[in-house]
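Welcome, and please load the model in your viewer with the sequence panel open. We will go from one selection to the next, pausing at each to see what is there.

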Amino acid sequence: MKIIITENKLDRVISKWLSKNYSKMDIYDHDNQPWHLYVDKNGEVIFLYQNNDKELYVAKSVIKFLYNIFSIDEKQIQSICGNWFEEHKGLKTYKTLSWNFDDDWKKVVRWETKKRLVK
């Protein structure tokens, strides 16, 4: 059975999912670099926000999950994530991309536990 959801409703459904899962994240600053890491309760990097360029990088795992559920293309998911981030974190994003945050990023988070900005 196929369910048809309008684009506007789809945006709201994905935004609600993002809010439920990622409203409360730790934010890390790395040695005064122009970016911040947004980390979920499991220590996974979900977003990287570059202050200078106003670019948002979304974890590939989030993009893949949403693609598998809703079968919409990556660019549309990136756009929804960028809009959600702007609305909920109050930071302007000019460009939203996906990124594979590997184990090296987890090391950065472990090193930066003393520099946590916001819980």
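Start by selecting Lys-92, which at 42% relative accessibility counts as partly exposed; that class lies between buried, under 20% relative accessible area, and exposed, over 50% (1.4 Å probe, protein chains only). Now add Glu-86: the two side chains meet in a salt bridge, 3.7 Å from N to O. The term stands for a side-chain nitrogen of Lys or Arg within 4 Å of a carboxyl oxygen of Asp or Glu. Glu-86 is partly exposed too, at 24% relative accessibility.

A word on what you are viewing: this is a predicted model, in which local features need pLDDT of at least 70 and side-chain atom pairs count only at pLDDT 80 or more, while totals for chains, interfaces and linings use all residues. Residues are numbered from 1 along each chain as its sequence is written, and side-chain values use heavy atoms, with hydrogens and water left out.

How many salt bridges does a search of the whole structure find? It finds two. For the other selection, pick Lys-60 and Glu-74, whose closest N and O atoms are 3.4 Å apart in a salt bridge. This pair links distant parts of the chain, with Lys-60 in helix 2 and Glu-74 in helix 3, 14 residues apart. Lys-60 is partly exposed at 28% relative accessibility, and Glu-74 is partly exposed at 32%.

Next, zoom out and colour by secondary structure. The protein chain has four helices and six strands, in the order α-β-β-β-β-α-α-β-α-β along the sequence. These elements are DSSP runs numbered from the N terminus: helices are H or I with at least four residues, strands are E with at least two. Of the 119 residues, 38% count as buried. Turn on contacts (heavy atoms within 4.5 Å): of those with a separation of 6 or more, 59% are between residues 24 or more positions apart.

Now select helix 2, residues 60-70, and highlight its buried residues, Val-62, Ile-63 and Leu-66. Look down the helix axis: these buried residues fall within an arc of 100°, so they line one face of the helix. The arc is taken over the directions from the helix axis to the C-beta atoms. Which residues are exposed on the other side of helix 2? They are Ser-61, Lys-64 and Asn-68. Show the neighbours as well: the buried residues of helix 2 pack against helix 1 (7-22), strand 3 (45-50), strand 4 (55-59), helix 3 (74-89) and strand 5 (95-99).

Stay in helix 2 and click Phe-70, which is partly exposed with a relative accessible area of 22%. Not counting residues up to four places away in sequence, Phe-70 touches Leu-10, Val-13 and Ile-14. Try a distance label from Phe-70 to Ile-14: the two are 56 residues apart in sequence and 9.0 Å apart in space, C-alpha to C-alpha. Following helix 2 is Ser-71, with a positive phi near 55°.

For the last stop, select Trp-17, Tyr-22, Met-25 and Asp-40, which are among the residues lining the largest pocket. About 160 Å³ of space lies in that pocket. Its lining divides into three nonpolar, four polar and four charged residues.On a 1 Å grid over the protein atoms alone, a pocket is an open set of points with protein on both sides within 12 Å along at least five of seven lines, and lining residues have an atom within 4 Å of a point. Points are joined across faces, edges and corners, and the volume is the space filled by probe spheres set on them. Ala, Val, Leu, Ile, Met, Phe, Trp, Tyr, Cys and Pro count as nonpolar, Asp, Glu, Lys and Arg as charged, and the others, Gly among them, as polar.

Note on methods: On a 1 Å grid over the protein atoms alone, a cavity is a set of points where a 1.4 Å probe fits but cannot get out, and a pocket is an open set with protein on both sides within 12 Å along at least five of seven lines; lining residues have an atom within 4 Å of a point.
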